[in-house]
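Let's take a walk through a protein together, one stop at a time. Keep the picture in view and look for each place as we reach it.

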Amino acid sequence: MRLVLISFPLAIAAGYLLGGRLQNLGSTRFRHGWAGLAGVALQFVPAGGTLGALILLGSFGLLVFVAAVNRRLPGFALILVGLCLNLLVIAVNQGMPVTRAAIVASGQEETLDDLRTAGGSKHHLATDDDHLLLLADRIGIPFPVEQAVSVGDVAAYAGAMWFVVAGMRRRDQEAPADALAAGTAA
């Protein structure tokens with residue numbers, strides 16, 4: 001979550017530095033935003049076990065749906081790839097495995113016992129029983145982010161940042177009648 005608090009301001013700053021305007025991003029036609037918000041909200045439902053795993057899979061299903069229907073927008077193909085990678089590893093392992101090395105590298109050692117004993121449906125400490133660990137939360141990002149992320153997270157965040165920068169740089173196109181009138185007036 002902390003990565004969001006850093007990546008989006010950075011993307012907005014890059015958008016401004018490249019001559020964009022936040023107002024342009026606001027006029028981007030984004031389809032089924034309600035499903036994306038519902039998908040994010042489901043990740044905060046405090047449920048464990050089978051119900052928690054089903055809620056998490058439903059969350060990712062909604063997020064994948066939104067990324068798929070918006071895939072023609074800048075960055076959304078990359079977001080879709082990242083979400084699918086995360087969905088795959090979560091579905092196979094009934095939650096996202098987090099490696100001990102990523103926890104230590106990100107400065108979150110105090111969470112090791114919780115990950116080991118809680119057995120939550122969203123994250124759990126990676127074990128030999130987990131599969132596709134290459135796609136798990138195995139990248140530790142130290143202070144100020146202090147977060148363990150996956151390759152899928154990196155792809156999704158990069159796509160989201162691309163969307164913000166490209167959306168800010170987007171120019172409103174003139175209506176065809178206005179362009180025709182401007183061309184004949186010259």
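L88 is partly exposed, because its relative accessible area is 41%, a value between the 20% that limits buried residues and the 50% above which a residue counts as exposed. Keep in mind that this is a predicted model. You will find L88 in helix α5, which covers residues 76–93. On the surface, L88 joins V92 and L132 in a nonpolar patch. Together these three residues offer about 220 Å² of accessible area.

Now let's turn to the aromatic rings. How many aromatic pairs does the structure hold? There are three. One of them brings together F30 and F76, with ring centres 5.5 Å apart and planes at 50 degrees. That pair is called tilted because its angle falls between the 30 degrees below which planes count as stacked and the 60 degrees above which they count as edge-to-face. F30 and F76 come from distant parts of the chain, 46 residues apart. F30 sits in the loop between α2 (22–26) and α3 (33–42), while F76 belongs to helix α5.

Are these two residues buried or exposed? F30 is partly exposed, with a relative accessible area of 38%. F76, at 6% relative accessibility, counts as buried, because the limit for buried is under 20%.

F30 has another partner as well: with F163 it forms a tilted aromatic pair, 6.4 Å from centre to centre and with 50 degrees between the planes. This pair also links distant parts of the chain, since F30 lies in the loop between α2 and α3 and F163 in helix α8 (residues 151–169), 133 residues apart. F163 is buried, with a relative accessible area of 15%. Put the pieces together and you get one aromatic cluster made of F30, F76 and F163.

Our last stop is S106. Where is S106 placed? Look in the loop between α6 (100–105) and α7 (112–118). S106 is buried, because its relative accessible area is 0%. What does the side chain of S106 reach? At 3.0 Å, it reaches the backbone oxygen of I103. Leaving aside residues up to four places away in sequence, S106 touches G140, I141, P142, E146, Q147 and A148. Try finding each of these in the picture, and then go back to L88, which is partly exposed, to see the contrast with buried S106.

Technical notes: Residues are numbered from 1 along each chain as its sequence is written. This is a predicted model: local features need pLDDT of at least 70, side-chain atom pairs count only at pLDDT 80 or more; totals for chains, interfaces and linings use all residues. Side-chain values use heavy atoms; hydrogens and water are left out. Helices (H or I, at least four residues) and strands (E, at least two) are DSSP runs, numbered from the N terminus. Buried means under 20% relative accessible area, exposed over 50%, partly exposed in between (1.4 Å probe, protein chains only). A polar contact is a pair of N or O atoms within 3.5 Å; within protein, one must be able to donate a hydrogen and the other to accept it, and residues adjacent in sequence count only if both atoms are side-chain atoms. Contact means heavy atoms within 4.5 Å. Patches are made of residues with over 30% relative accessible area and no salt bridge: like charges are joined within 9 Å, nonpolar side chains (Val, Leu, Ile, Met, Phe, Trp, Tyr) within 5 Å. Accessible areas come from the Shrake-Rupley method with a 1.4 Å probe; for residues, only the protein chains shown count as cover. A salt bridge is a side-chain nitrogen of Lys or Arg within 4 Å of a carboxyl oxygen of Asp or Glu. Rings of Phe, Tyr and Trp (its six-membered ring) pair if their centres lie within 6.5 Å; planes under 30 degrees apart count as stacked, over 60 as edge-to-face and the rest as tilted.
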